[in-house]
Amino acid sequence: MTASADWTADKDFHRVLTNAPCEDADPITATTFMVMTRQPKSPERSTAAIDFVRWTASAGARR
């Protein structure tokens, strides 16, 4: 579904993908970005945040 989006025109960190033309697309979908520093003060907390976002996009999304 995100493959059908035109990302070149976006200037912000979000994209609404309502009624995407893909066959398996959900009717209402949006993207969210997480901006993080490359040199975090706490690498453990940074890793935990990334793991949480990955979980929400996979296992958490199926609940």
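Modeller: pLDDT is the predictor's confidence in each residue, on a scale from 0 to 100. The score is relevant here, as this is a predicted model.

Colleague: What average pLDDT does the chain have, and what percentage of the residues score at least 70?

Modeller: The average for the chain is 75, and 56% of the residues reach a score of at least 70.

Colleague: Which element of the chain has the lowest mean pLDDT, and which the highest?

Modeller: Strand β1, residues 14-16, has the lowest mean among the elements, at 66, whereas α1 has the highest, at 90.

Colleague: In what order do the elements of the chain run from the N terminus?

Modeller: The order is β-β-α. In total, the chain has two strands and one helix.

Colleague: How should one read burial, and is serine 46 buried or exposed?

Modeller: A residue is called buried when its relative accessible area is under 20%. Serine 46, which belongs to helix α1, has a relative accessibility of 13% and therefore counts as buried. Beyond its neighbours within four places in sequence, serine 46 is in contact with Met36 and Pro40. Across the 63 residues of the chain, 11% count as buried.

Colleague: Where does tryptophan 55 lie, by comparison?

Modeller: Tryptophan 55 is also placed in helix α1, which covers residues 43-57. A residue is partly exposed when its value falls between the limit of 20% for buried and that of 50% for exposed. The relative accessible area of tryptophan 55 is 38%, so this residue is partly exposed.

Colleague: Which residues form a nonpolar patch on the surface?

Modeller: Trp55 forms such a patch together with Met34, Met36, Phe52 and Val53, and their accessible area together is about 460 Å². For the chain as a whole, about 5,700 Å² is exposed, of which carbon and sulfur atoms supply 54%.

Colleague: What percentage of contacts between residues at least 6 apart in sequence join residues at least 24 apart?

Modeller: Within the chain, the share of those contacts that join residues at least 24 apart is 15%.

Key:
Residues numbered from 1 in each chain as written. Predicted model: local features only at pLDDT ≥ 70, side-chain atom pairs only at ≥ 80, totals over all residues. Heavy atoms only, no water. Patch = residues over 30% accessible without salt bridge, like charges linked within 9 Å, V, L, I, M, F, W, Y side chains within 5 Å. Areas by Shrake-Rupley, 256 points an atom, 1.4 Å probe, with all protein chains shown as cover. Salt bridge = Lys/Arg side-chain N within 4 Å of Asp/Glu carboxyl O. Helix = DSSP H or I, 4+ residues; strand = E, 2+ residues; numbered from the N terminus. Buried < 20%, exposed > 50% of the residue type's maximum accessible area, 1.4 Å probe, protein only. Contact = heavy atoms within 4.5 Å.
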